[in-house]
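Here is a short report on one protein model. It follows burial, packing and side-chain contacts.

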Amino acid sequence: LDRVDKPDRKNQEAVEEVLLDVCKGARKDSRENKLCYYLTPVKRNVSNAIKLGAPLERICKKLAKDTPEVCSLRFPEKLDLSKT
């Protein structure tokens, strides 16, 4: 979601374009590739929810009805080395 500029979040096609760009650049064995595998069939629902400004937790809950694996993916937290 941070890869989409704030003004572009209201544009459904722009959100889908960013989603496809991320998926094209994902390595075959990566978590991003798994996420893309689950999100590609429902990308219209995802982009519509982002366009409407829904929080990520709500989007995940809504998507869990169709593809429960989406919410089960966990990514490692990014460390801010300047705070340590």
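Helix 3 has four residues listed as buried: Val-46, Ser-47, Ala-49 and Ile-50. Buried means under 20% relative accessible area, exposed means over 50%, and partly exposed lies in between, with a 1.4 Å probe and protein chains only. The buried residues sit on the same side of helix 3, because they cover an arc of only 160° around the axis. That arc is taken over the directions from the helix axis to the C-beta atoms. Helix 1, helix 2 and helix 4 are among the elements that cover these residues. Just after helix 3, Gly-53 takes a positive phi of about 85°.

The model is predicted: local features need pLDDT of at least 70, side-chain atom pairs count only at pLDDT 80 or more, and totals for chains, interfaces and linings use all residues. Residues are numbered from 1 along each chain as its sequence is written, and side-chain values use heavy atoms, with hydrogens and water left out.

**Overall layout**

The protein has 5 helices and 0 strands. Its pattern along the sequence is α-α-α-α-α. Helices (H or I, at least four residues) and strands (E, at least two) are DSSP runs, numbered from the N terminus. Of the 84 residues, 26% count as buried. Take the contacts between residues at least 6 apart in sequence: 55% of them join residues at least 24 apart. A contact here means heavy atoms within 4.5 Å.

**Ser-47 and its partners**

Ser-47 belongs to helix 3, which spans residues 43-51. Ser-47 counts as buried because its relative accessibility is 1%. Beyond residues up to four places away in sequence, Ser-47 touches Gln-12, Val-15 and Glu-16. Two of its side-chain links are polar contacts: one to Glu-16 at 2.9 Å, the other to Gln-12 at 3.3 Å. A polar contact is a pair of N or O atoms within 3.5 Å; within protein, one must be able to donate a hydrogen and the other to accept it, and residues adjacent in sequence count only if both atoms are side-chain atoms.

Gln-12 lies in helix 1. Gln-12 is buried, with a relative accessible area of 11%. Leaving aside neighbours within four places in sequence, Gln-12 is in contact with Arg-44, Ser-47, Asn-48 and Lys-51.

**The nonpolar core**

Which residues make up the largest nonpolar core? It holds 11 residues in all: Val-4, Val-15, Leu-19, Leu-39, Val-42, Val-46, Ala-49, Ile-50, Ile-59, Leu-63 and Val-70. Helix 1 (12-24), helix 3 and helix 4 (56-63) each supply at least two of them. Helix 3 gives the most, with 3 residues. A nonpolar core is a set of buried Ala, Val, Leu, Ile, Met, Phe, Trp, Tyr and Cys residues joined through side-chain atoms within 4.5 Å.

Leu-63 lies in helix 4. Leu-63 is buried at a relative accessible area of 6%. Outside residues up to four places away in sequence, Leu-63 touches Leu-39, Val-42, Val-46, Pro-68 and Val-70. Leu-39 touches Leu-19, Val-46, Leu-63 and Val-70 under the same exclusion of residues up to four places away.

Two pairs are set out below by separation along the chain and C-alpha to C-alpha distance.

| Pair | Separation in sequence | C-alpha distance |
|---|---|---|
| Glu-32 and Val-22 | 10 residues | 7.9 Å |
| Leu-63 and Val-42 | 21 residues | 8.1 Å |

Glu-32 is in helix 2. Glu-32 counts as partly exposed, at 35% relative accessibility.

**Disulfide and aromatic pair**

The disulfide count comes to 1, with a disulfide defined as a pair of cysteine sulfur atoms within 2.5 Å. It joins Cys-23 to Cys-36, S to S 2.1 Å. The pair links distant parts of the chain, 13 residues apart: Cys-23 is in helix 1, and Cys-36 is in helix 2 (residues 31-39). The link of Cys-23 and Cys-36 is left-handed, with -100° about the S-S bond. Both Cys-23 and Cys-36 are buried.

The structure also holds 1 aromatic pair. Tyr-37 and Tyr-38 form it, edge-to-face, at 5.5 Å centre to centre and 70° between the planes. Rings of Phe, Tyr and Trp (its six-membered ring) pair if their centres lie within 6.5 Å; planes under 30 degrees apart count as stacked, over 60 as edge-to-face and the rest as tilted. Is Tyr-37 buried or exposed? Tyr-37 is exposed, with a relative accessible area of 63%.
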